[in-house]
Amino acid sequence: MSTLQKEENQVSPSAAWKFLIPSLIGALLFLVPVRFNGEITIGVGILASSIQTAFGDWIPAFILVLLGLSAVISLAAAVTKPEFVQRSPFLNSLFVTNVFGLIVRVVGFVIGLMAYYEIGPLAISSRDTGGVVLYDLAPVLLTWFLFAGILLPLLVEFGLMEFIGTLLNKVMRPVFTLPGRSSIDCMASWMGAAPVGVLVTMKQYDEGYYTKREAAVIATTFSVASVAFSLVVANVIGIGDLFFPFYVAVSAASIVAAIIMPRIPPLSRKPDTYYEPVGKKIDDTVPEGVSLFSWGFQEAKKKASRVEGPKQLAAKGIHTVLDIWLGLIPLVMTLGTLALMIATYTPLFDLISYPLIPVLTLFGLPEASTAAPTILVGFADMFLPAVLGSGIESELTRFVIAGISLTQLIYMSEIGILILRSNIPVKFYELVLIFILRTIITLPIIILFAHLFV
């Protein structure tokens, strides 16, 4: 009996449909681009946008309530240790945190109050700092992760990752040093939103499907900006009419960075070991004499046949959503506001950008002294370079600023915080280094395309 026949005997006859139907729905929701209200997005994005449209005026208040619940119950859990929290693994995992986490939740609530009621120091409560996080960033996280968290099992639990991973492994391994299943993470962020791609990576790492190195590489290299967000950035900075060559430049630079970054420190030094509490849960070896399609289909059916029941999947999805709402949003509120305060009210980015001015001048960019700070301010938030660079007269320079802001990927107001809060072993100083390296790698490529098309 062949290896494939032995494997087939281990799955039920209904496993094929159990794989195909949920995975098809998951692919349609997360990976298939659709046009909605004049923008390119995905099914989950339509659901999130609908919630934002229907309840947009109420969402900031709801976020403030979440921040309050997170701070008050976490503080009570730390000080009085109520029995109902201590005895419940569900509540314990949501509200029991370390000292840093507790401080962040309390500070996040205070910042939320100041931004909502526009009280306190302007540097915190301003619409350019705390207001941006409360009214612009947090609602996106709230709505996207509401649906992404609940519906993500359709994408990762029913065998689609195993099927696609087997088919693309021979391409992804030699080119990007990654397993084929990582292409799903990239597609989820490319078609939807970068945080969704990081969420997929986090879940796959926590469940033993990525090594420490693979998870770190995917989260910092494959969480590309979506097509929709890229279009927004292009329009804000005033190069909407050049969107096609602009996105080609961004894609080319991102691919080059994705090939180089895994092969140099700090990412190359990450160990190829799995998350210790779960260990390795994957074997991507294809038996001799078996086609990639057949083996991928078989592995997908095996995964689908072992999937948990609807109640367990729903409980995991709800826990994921609440964990992000009660844990991540306070962190974004605190650190995101801090990053924006530094970018808006201090000369830090002006000072550290001085070495960039002669480089940009050498590459023939007009208004180099004005452009230099906008290139580095992207570390605080990906949207800031487009806002600050929109006043620059040179279209060539604006093209470069917008392009580099999308290829740097590491911005602390959202992606950086999400990675730091996860179990993926990437430290803050490593994020800084990765941001700098991505800038060095992609800047010449973006400038080359700018000179060709502008």
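Visitor: Which residues of α23 do A194, P195, V198 and M202 in α12 meet?
Guide: This is a predicted model, so everything here is read from computed coordinates. On the α12 side of the contact you have A194, P195, V198 and M202. Their partners in α23 are E414, I415, L418 and I419.

Visitor: How do the residues of that contact between α12 and α23 divide into nonpolar, polar and charged?
Guide: Pro and Met count as nonpolar, just like Ala, Val, Leu and Ile, while Glu counts as charged. Put that next to the names, with E414 among them on the α23 side. The split comes out as 7 nonpolar, no polar and 1 charged.

Visitor: Are α12 and α23 roughly parallel or roughly antiparallel?
Guide: Helix α12 covers residues 194-206 and α23 covers 412-421, and their axes sit 10 Å apart. The angle between them is about 10 degrees. Angles under 35 degrees count as roughly parallel, so α12 against α23 is roughly parallel.

Visitor: Moving on to the loops, is L178 buried or exposed?
Guide: L178 sits in the loop between α10 (160-176) and α11 (182-191). Leaving aside neighbours within four places in sequence, L178 touches N169, M172, R173, E214, V217, I218 and F222. Its relative accessible area is 0%, and under 20% means buried. L178 is therefore buried.

Visitor: How many Å apart in space are L178 and I218, C-alpha to C-alpha?
Guide: I218 is one of the contacts of L178. In sequence, the two are 40 residues apart. In space, the C-alpha to C-alpha distance is 8.1 Å.

Visitor: Which residue's backbone oxygen does the side chain of S183 reach?
Guide: S183 is in helix α11 and counts as buried, at 11% relative accessibility. Outside its close sequence neighbours, S183 contacts I164, L168 and M172. At 2.7 Å, its side chain reaches the backbone oxygen of G180.

Visitor: What about E118: buried or exposed?
Guide: E118 belongs to the loop between α7 (99-117) and α8 (122-125). Its phi is positive, about 55 degrees, although E118 is not a glycine. Relative accessibility is 63%, and the cut-off is over 50%, so E118 counts as exposed.

Visitor: Where is K81, which has a phi near 50 degrees?
Guide: That phi is a positive value in a residue other than glycine. As for its place, K81 is in the loop between α4 (59-79) and α5 (83-86).

Visitor: What is the omega of the peptide bond from P265 to P266?
Guide: P266 lies in the loop between α15 (243-260) and α16 (292-305). The bond from P265 is cis, with omega near 5 degrees.

Notes: Residues numbered from 1 in each chain as written. Predicted model: local features only at pLDDT ≥ 70, side-chain atom pairs only at ≥ 80, totals over all residues. Heavy atoms only, no water. Axes fitted to C-alpha atoms, helices over the stretch in contact; angles between N-to-C directions. Helix = DSSP H or I, 4+ residues; strand = E, 2+ residues; numbered from the N terminus. Parallel < 35°, antiparallel > 145°, perpendicular 65-115°, else oblique. Contact = heavy atoms within 4.5 Å. Buried < 20%, exposed > 50% of the residue type's maximum accessible area, 1.4 Å probe, protein only. Polar contact = N/O pair within 3.5 Å; in protein donor to acceptor, adjacent residues only side chain to side chain.
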